[in-house]
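Open the model in your viewer and set it to cartoon. Keep a stick representation ready for single residues. The tour begins at one side chain and moves outward.

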Amino acid sequence: MAKKLERISERELFISRTLDAPRELVWEVWTNPEHIKHWWGPNGFTNTIHQMDVRPGGIWNYIMHGPDGTNYSNKSVYKEVVKPEKIIYDHISSPKFQFTALFIEQGDKTIVTIQMLFASRKDKQMVVVDFGVDEGLKQNANRLYAYVNQFHQKNLSKKIKLCEK
């Protein structure tokens, strides 16, 4: 008996944001632990970054600290990194998923698209119901937007050159 094909949309969470900043700056705040610790995660969360080796096979190991004091350990392995265009990693701690971020240059702006792809519809539904990941992803994108805007305005006023990675 043939299995029913599952549409990818039933297994994914997807979001896109246009940021008023150049792609290189967005890449910097996404791949530098000194920046990402300030904006990653839903509202009220802070982060401790233990390791962030942004290259294929590299590890991202961090703890998200919830506003209620709960700690969430996370470990991911980077599969594909194309500076400053694309990052794909496997989130290997529970819940497991593949995360893709695309950074699309559009003049002096950057479109960031994010996809979280789960193994099954059931896995996606579990993280939405148990952890509110759908709302958390929106808040994460909004925090990125706010941080990039603040950082970009500060850099414009000081005319500081970005550090090369």
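**Stop one: a histidine**

Select His35. This residue has a relative accessible area of 10%, so it counts as buried, the cut-off being under 20%. Keep in mind that the model is predicted.

Now colour helix H2, residues 33–39; His35 is found in this helix.

Which residues is His35 in contact with, leaving aside its neighbours within four places in sequence? Show Glu28, Val29, Tyr147 and Phe151 as sticks: these are the contacts of His35 beyond that window. Next, draw a distance between the C-alpha atoms of His35 and Tyr147. The viewer should read 8.7 Å, for two residues 112 apart along the chain.

**Stop two: helix H1**

Select residues 23–31. This is helix H1, and it lies across S1, S2, S4, S5, S6 and S7. For an angle, take S6, residues 97–106: helix H1 runs at about 155° to S6.

**Stop three: the sheet**

Colour the strands one by one. In what order do the 7 strands form the open sheet? Follow S1-S7-S6-S5-S4-S3-S2, with antiparallel pairing. At the edges are S1 (12–19) and S2 (46–52), each of which pairs on one side only. Look along the sheet to see the twist, which averages 20° from one strand to the next.

**Stop four: one strand pair**

Zoom in on S2 and S3, the latter being residues 59–65. The two run antiparallel and are joined by 6 bridges. To pick out one of these, select Met52 and then Trp60 in S3, its bridge partner. Switch on backbone hydrogen bonds here, because strands of a sheet pair through them.

Conventions
Residues numbered from 1 in each chain as written. Predicted model: local features only at pLDDT ≥ 70, side-chain atom pairs only at ≥ 80, totals over all residues. Heavy atoms only, no water. Pairing = 2+ DSSP bridges. Helix = DSSP H or I, 4+ residues; strand = E, 2+ residues; numbered from the N terminus. Axes fitted to C-alpha atoms, helices over the stretch in contact; angles between N-to-C directions. Contact = heavy atoms within 4.5 Å. Buried < 20%, exposed > 50% of the residue type's maximum accessible area, 1.4 Å probe, protein only.
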